[in-house]
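Here are a few notes from my pass over this one. Have the structure open while you read.

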Amino acid sequence: MGVGRATTSTALAVALCAIALGVSGAAAQLPWNDAPAHVERGEVVAARLGWPAPRVSGFDAQRRSARDVGEQRAREALHAFVDDALARALVEPAEATRVHALIDEHARRSGVRALADGSAVVEMRVTGAHLRAGSDRSSLPW
């Protein structure tokens, strides 16, 4: 077997394993743990780990619980990132309140990486266009 054939076989094996484990191309790009919130292609993005609630039994229920916790933590990270940016821009409280309301209204789950222990990393995003509807100051990173 030549080097080219071995490389192709390895790539195929990795792809088949990812399919068998339910890892899509989008999930393959997600981090394995908490990642700092950041601006990516005009969107504010945050990824956070969620773990199952301690009293939830059954693997499916634990996975749902972990996704819910991860989503809540990612949403909180979006709020914290945006709040820091608004504070640096010296935005008035009413304007900041509008922006935070827009996060609550428009943030969406953009990916989930399910982990073997029942936990999950959840990625949340909100577009800069939605945030600019609440504050369009040029000093803001979105």
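The points below go through one strand, its neighbours and one of its residues.

1. Ground rules first: this is a predicted model, where local features need pLDDT of at least 70, side-chain atom pairs count only at pLDDT 80 or more, and totals for chains, interfaces and linings use all residues. Residues are numbered from 1 along each chain as its sequence is written, and side-chain values use heavy atoms, with hydrogens and water left out.

2. Take a look at β4, residues 120-127. Helices (H or I, at least four residues) and strands (E, at least two) are DSSP runs, numbered from the N terminus. Of the 8 residues in β4, 7 are buried, where buried means under 20% relative accessible area, exposed over 50% and partly exposed in between (1.4 Å probe, protein chains only).

3. Which strands pair with β4? Strand β2 (residues 43-50) does so in the antiparallel sense, over 8 bridges, and β3 (residues 108-114) is also antiparallel to β4, with 6 bridges. Pairing here requires at least two DSSP bridges between the strands.

4. For the register, alanine 46 has methionine 124 as its bridge partner in β4, while glycine 111 is matched with glutamate 123. The β3-β4 hairpin has 5 residues between its strands, and glycine 118 in the turn shows a positive phi of about 95 degrees.

5. Methionine 124 of β4 is buried, at 0% relative accessible area. Its contacts (heavy atoms within 4.5 Å), leaving out residues up to four places away in sequence, include Val44, Ala46, Glu71, Leu78 and Arg109. Glutamate 71 is 53 residues away in sequence, yet the C-alpha to C-alpha distance to methionine 124 is 6.9 Å.
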